[in-house]
Amino acid sequence: MITIRVPCSSANIGPGFDVIGLALSIWLELQVEITQVGTLEASLNCAITYEGEGAEEVPLEADSNLITRTALYVLRCHGQRVFPKETKVHIINPIPLGRGLGSSGAAVVAGVLLGNEVGKLGLSKARLLDYCLMIERHPDNVAAALYGGFVGTYLNDLSPEDTERKEIPLSEVLPAPAGGHDTGNNPPEPPIGIGHYMKFPWAKEIKAIAIIPQFEVATAKARSVLPTSYSRADVVFNLQRIALLPVALGKSPPDAEQIYLAMQDKVHQPYRKELIPGLPEILQSVTPKSHPGLCGICLSGAGPTILALATGNFDAIAKVILETFAKKGIKCDWKLLEPAEDGSTVSYS
């Protein structure tokens, strides 16, 4: 059996919009078996079973599930039209969907790894990142999920010829299938070196409190509320902070006040407050002075999850955020997470 494990991720971490990502310790897992007996009656030779978050809504057909659609794209780029005979994929997913914890990024990374393994392609990790970025155009999430830890990223410009072929599946528009069509032609392989990443140090004392509201915010909707242009002052505000943030979060012992100030943002969080009731109050009222142990607080990705970085006092910090959401009639779960430094793994048994 092949076991593929991919961590969830939190993008932006305040000012690092579409730049900074952090892999965290909730793991998507695939358990894959290939018997090659040839008696399985399943679409594209792949039978999918699923347990975990979103079990009632996640499609189980190989040509519509994001993980297997991604794997098929990788396989078809290498002349393999379908999965090997008798491929069985069991998906165990504890990552909440549509909550700003990189569920689609994890699915894309898992799918690329699945295609690489069942197709026996032997792609390098850098090349795997290229395939991920053809489908999920947010390098902060996929680089964190693939490589692990705390990363900075950038994405090279791609031409329409590289990105608009309908054989390429796109993660942004799920759950409705889009792209990934089998036209009979091999899909375009990704250009080499689409995106790049750098792993930053992370202070061992800092853990992540994830407050997860029980409602979803679609990434496309969260992006639609952002302006098409920004003032110079707001851009400079974020640039100043993103220049300091990686150093501040890698410094041991952490300087809570420095981290808190470096995690301020004027590019995306102010515009998403209408989508997430209670967001302004939480970001303004939960501080290192009011709650010792807190280092910084931000929206996780597009939200609605709130990420509070802290060195202690975890229960009290979580409680005050939960209470603020409760006043708005919003129920939440919370988890105490750590950086997933090793990123994605593949093992055989």
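Which residues in H3 are buried? In this predicted model, the buried residues of H3 are Arg 127, Leu 128, Leu 129, Asp 130, Tyr 131, Cys 132, Leu 133, Met 134 and Ile 135. That is nine of the eleven residues of H3, a helix that is mostly covered.

Part of the surroundings of H3 is helix H2. Two packed helices are described by the angle between their axes and the distance between the axes. For helix H2, residues 103–118, and helix H3, residues 125–135, the angle is about 130° and the axes are 9 Å apart. H2 is therefore oblique to H3, since an angle that is neither under 35 degrees, nor over 145, nor 65 to 115 counts as oblique. The crossing of H2 past H3 is right-handed. On the side of H2, the contact is made by Val 108, Val 109, Val 112, Leu 113 and Asn 116. On the side of H3, Leu 128, Tyr 131, Cys 132 and Ile 135 take part. Sorted by class, the residues of this contact of H2 with H3 are eight nonpolar, one polar and no charged. Leu 128, Tyr 131, Cys 132 and Ile 135 also appear among the buried residues of H3. An α-helix has 3.6 residues a turn, so residues three or four places apart point the same way.

H2 also packs against helix H1, residues 66–77. The axes of H1 and H2 come within 7 Å and cross at roughly 45°. This angle makes H1 oblique to H2. H1 and H2 cross in a right-handed sense. H1 brings Leu 66, Ile 67, Thr 68, Thr 70, Ala 71, Val 74 and Leu 75 to the contact. From H2 come Ser 104, Ala 107, Val 108, Ala 110, Gly 111, Val 112, Leu 114, Gly 115, Asn 116 and Val 118. The contact of H1 with H2 holds eleven nonpolar, six polar and no charged residues. Val 108, Val 112 and Asn 116 of H2 are thus listed in the contact with H1 and also in the contact with H3.

A further partner of H2 is helix H4, residues 139–147. Here the axes come within 9 Å and cross at roughly 55°. H2 is oblique to H4 as a result, and the crossing is right-handed. Gly 105, Val 109 and Leu 113 of H2 meet Val 142, Ala 145 and Leu 146 of H4. Five nonpolar residues, one polar and no charged make up the contact of H2 with H4. Val 109 and Leu 113 take part in this contact and in the one with H3.

The next places to look are in the strands. Is Thr 87 buried or exposed? Thr 87 counts as buried because its relative accessibility is 0%. Thr 87 belongs to strand E4, residues 87–93. A polar atom of the Thr 87 side chain lies 2.6 Å from the backbone oxygen of Pro 84.

His 196 sits in strand E6, residues 195–200. With a relative accessible area of 35%, His 196 is partly exposed. The side chain of His 196 reaches the backbone oxygen of Gly 193 at 3.4 Å. Leaving aside residues up to four places away in sequence, His 196 touches Gly 152, Thr 153, Tyr 154 and Asn 156. The C-alpha atom of His 196 is separated by 26 Å from that of Thr 305, which is 109 residues away along the chain.

Some features of the backbone remain. Most residues other than glycine have a negative phi, and most peptide bonds are trans. Asp 18 has a positive phi, near 65°. Asp 18 is in strand E2, residues 16–34, and is partly exposed at 26% relative accessibility. Leu 44 likewise has a positive phi, near 60°. Leu 44 lies in the loop between E2 and strand E3 and is partly exposed, with a relative accessible area of 22%.

Cis peptide bonds occur at two prolines named here. The bond from Ser 252 to Pro 253 is cis, with omega near 0°, and Pro 253 is in the loop between helix H7 and helix H8. The bond from Gly 303 to Pro 304 is cis, with omega near 10°, and Pro 304 lies in the loop between strand E8 and strand E9.

Technical notes
Residues are numbered from 1 along each chain as its sequence is written. This is a predicted model: local features need pLDDT of at least 70, side-chain atom pairs count only at pLDDT 80 or more; totals for chains, interfaces and linings use all residues. Side-chain values use heavy atoms; hydrogens and water are left out. Axes are lines fitted to C-alpha atoms, for helices over the stretch in contact, and angles run from 0 to 180 degrees between N-to-C directions. Helices (H or I, at least four residues) and strands (E, at least two) are DSSP runs, numbered from the N terminus. A crossing is left-handed if the near helix is turned anticlockwise from the far one by less than a right angle, and right-handed if clockwise. Contact means heavy atoms within 4.5 Å. Ala, Val, Leu, Ile, Met, Phe, Trp, Tyr, Cys and Pro count as nonpolar, Asp, Glu, Lys and Arg as charged, and the others, Gly among them, as polar. Buried means under 20% relative accessible area, exposed over 50%, partly exposed in between (1.4 Å probe, protein chains only). A polar contact is a pair of N or O atoms within 3.5 Å; within protein, one must be able to donate a hydrogen and the other to accept it, and residues adjacent in sequence count only if both atoms are side-chain atoms.
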